[in-house]
Amino acid sequence: MKIYIDGKYYTEKDAKISVFDHGLLYGDGIFEGIRVYHDRVFKLKEHIDRLFYSAKSILLTIPMTHGELMKAVIETCRRNKVRDGYIRLVVTRGVGTLGLNPQRCKDPSVIIIAGKIQLYPVELYQRGMEIVTASTTRNLHSALNPAIKSLNYLNNILAKIEATNAGCEEAILLNAEGFVAECTGDNVFIVKAGHLFTPPLSAGALYGITRQVVMEIAEESGLVVSEPNLTRYDLFNADECFLTGTGAELMPVVKIDGRVIGTGKPGRVTGRLVAQYRALTKVNGEPIYD
Ligand code: PXG
């Protein structure tokens, strides 16, 4: 594998960053996870835009333009002969001193890894997933805004540990008010009486790119989509529930905190959206190979 670091390519063995990088010392940095389907980078522009929004929010200057970054992502895929896969794009604050001050970090680092991902076992997509609510609440907007895809994922990791302790793969995070925010690496949707609902971004969800795609394809196929505040009660009494994310894609949920959702099997609306999503990944994206 060839890994891009600051304009150069390294083997896995030689791809290294300094122990003084504030990305390591303080989780001071940002990232994106991007999919490649059928020789195309899916929603590349949207991911790069979100990276720049995250950077702006934490006053981090990415030392490349949108266009340069897009080219570097595509070139990294090309060099690794990626046809279907996963790209991890990371920008760290760079090498600094022992001490928080980010101004001591003069050169942010850009890292691009293009490889594979299999987030969840295949049979879960057929059977549906069981999830739990974590007692760890989502970060407050006024503390670390959940819209920032930062390298500081401890809030999510603590909830993920709760999920695995409960024998599950994912956990719902509530915000400080008790409304549903999202899962540790996925947004959440429910279907009720033929309508699609997902928590508003103000509830503490990431501006999920898969979330956006699903809302668009749902509306195109005539589903009404709304973003009200949702509680656990709404999830428990939904007809269907599913999660969305770049890694997870669309994952049906059939049980939450021991409550069976709908029929206890992946629902029809979910199935239709999965098919529409699949179809979109076949034709959409930035071509890697001309
Ligand atoms: N919420 C959070 C907290 C996320 O980290 C999503 C929602 C879904 O957003 P997108 O834009 O991907 O639809 C994410 C994304 C991994 C992994 O390695 C995690 C994500 C994406 C890809 C891989 O666990 N999270």
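## Two domains and a ligand site

In this predicted model, 25 residues of domain 1 touch 19 residues of domain 2, where contact means heavy atoms within 4.5 Å. Domain 1 covers 2-115 and domain 2 covers 122-281, with bounds from an automatic or database domain assignment. Their centres, taken over C-alpha atoms, are 26 Å apart.

A word on conventions: residues are numbered from 1 along each chain as its sequence is written, and side-chain values use heavy atoms, with hydrogens and water left out. Local features need pLDDT of at least 70 and side-chain atom pairs count only at pLDDT 80 or more, while totals for chains, interfaces and linings use all residues.

**Between the domains**

- About 1700 Å² is buried between domain 1 and domain 2, with carbon and sulfur atoms giving 64% of that area; buried area is the accessible area (1.4 Å probe) that two parts lose on being put together, summed over both.
- The interface holds one salt bridge, a term for a side-chain nitrogen of Lys or Arg within 4 Å of a carboxyl oxygen of Asp or Glu.
- Arginine 35 and glutamate 249 pair their side chains in a salt bridge with an N to O distance of 4.0 Å.
- Seven residue pairs, both at pLDDT 80 or more, are in polar contact between the domains. Such a contact is a pair of N or O atoms within 3.5 Å; within protein, one must be able to donate a hydrogen and the other to accept it, and residues adjacent in sequence count only if both atoms are side-chain atoms.
- On the domain 1 side, helix H1 (22-26), strand S3 (29-37), helix H2 (44-57) and strand S5 (85-92) each give at least two residues; helices (H or I, at least four residues) and strands (E, at least two) are DSSP runs, numbered from the N terminus.
- S3 makes the largest contribution to that side, with eight residues.

**Around the ligand**

- The ligand has 22 residues around it, and Tyr153, Glu182, Ile209, Thr210 and Thr246 come nearest; near means that a heavy atom of the residue lies within 4 Å.
- Ligand oxygen atoms lie 2.4 Å from a side-chain N or O atom of tyrosine 153 and 2.6 Å from one of threonine 210.
- A ligand nitrogen lies 3.2 Å from a polar backbone atom of glycine 185.

**Salt bridges overall**

- The whole structure has 11 salt bridges.
- Lysine 45 and aspartate 49 form a salt bridge at 2.8 Å, N to O. These residues are about one helical turn apart because they sit four residues from each other in helix H2.
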